[in-house]
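Dear colleague,

I am handing over the structure below, together with some notes on what was found in it. Please read the notes with the coordinates open beside you.

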Amino acid sequence: MIKSSTLFILFCLLGSHNLSAQQRSRLGLKTGVNVAWQSGSLQGSPLVPLVSMHFTAFTEVQLAKRLFMQPAISLQGKGVSTENGDPNGGKGRVNMMYLEIPINLLYKFTLPNLKKLAIGGGPYAGLGLNGKERNGSPNVFRGVDGTEGYANTDFGFNIIAGTELSSRLSLSLQ
């Protein structure tokens, strides 16, 4: 699985490099708040999303007049908490850190009397770097032997909507 993740990352980086040589592009940084939802329960207590942060470096490549590709590399904090998930009766909490590679397509347009708007989305692949429970267990990710735990890999789809406030500042929901 790690071999296929590595090939995916190399493909994304090489693809964005080749495109940036042919089209207009820009580099940028993003940071924001994560609210990662999970379904299920822990010892009978419902799971509640844990609020964390993300830091992302991206390149934006113009493919057509209003169409842009935005490959990135991102450090994502994720997790979950419960009211009664700890065996000792306290709050349960799981903190996880993922390295993600999203490739988003954005369509940018301007409405009359408004700033430039952007909508889009795309797939992402993630690799779990670190994870621990509040009770101090060393790693919450599944072991090589297949023991219980969270999967080290994460795949999904992003949906993005936002506005560009200036050429250097944007605000979006992802």
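**Salt bridges and their surroundings**

Aspartate 154 counts as buried, since its relative accessibility is 19% and buried means under 20% relative accessible area. Please bear in mind throughout that this is a predicted model.

The partner of aspartate 154 is lysine 78, and in the salt bridge between them the closest N and O atoms are 2.7 Å apart. This pair links distant parts of the chain, with lysine 78 in strand β5 (residues 67-82) and aspartate 154 in strand β8, 76 residues apart. Lysine 78 is buried as well, its relative accessible area being 14%.

The structure holds six salt bridges, and two others that I would like to describe share glutamate 164. With arginine 26, glutamate 164 forms a salt bridge whose closest N and O atoms are 3.8 Å apart. Because glutamate 164 lies in strand β8 (residues 153-164) and arginine 26 in strand β1 (residues 25-36), this pair ties together parts of the chain that are 138 residues apart in sequence. As for exposure, glutamate 164 counts as buried at 15% relative accessibility, whereas arginine 26, with a relative accessible area of 31%, is partly exposed.

The side chain of glutamate 164 also meets that of lysine 108 in a salt bridge, at 2.4 Å from N to O. Here lysine 108 belongs to strand β6 (residues 92-110) and glutamate 164 to strand β8, so the pair ties together parts that are 56 residues apart in sequence. Both glutamate 164 and lysine 108 are buried.

Which residues are linked with glutamate 164 in a network of salt bridges? They are Arg26, Glu60 and Lys108.

One member of that network, glutamate 60, leads on to glutamine 70, since the side chains of these two residues make a polar contact at 2.9 Å. Glutamine 70 lies in strand β5 and is buried, with a relative accessible area of 5%. Leaving aside its neighbours within four places in sequence, glutamine 70 is in contact with Glu60 and also with Lys30, Phe58, Thr59, Pro102, Ile103, Asn104 and Leu106.

When you go through the model, you may wish to begin with glutamate 164, which takes part in the salt bridges with arginine 26 and lysine 108, and then turn to glutamine 70 with its polar contact to glutamate 60.

With kind regards

How values were computed:
Residues numbered from 1 in each chain as written. Predicted model: local features only at pLDDT ≥ 70, side-chain atom pairs only at ≥ 80, totals over all residues. Heavy atoms only, no water. Salt bridge = Lys/Arg side-chain N within 4 Å of Asp/Glu carboxyl O. Helix = DSSP H or I, 4+ residues; strand = E, 2+ residues; numbered from the N terminus. Buried < 20%, exposed > 50% of the residue type's maximum accessible area, 1.4 Å probe, protein only. Polar contact = N/O pair within 3.5 Å; in protein donor to acceptor, adjacent residues only side chain to side chain. Contact = heavy atoms within 4.5 Å.
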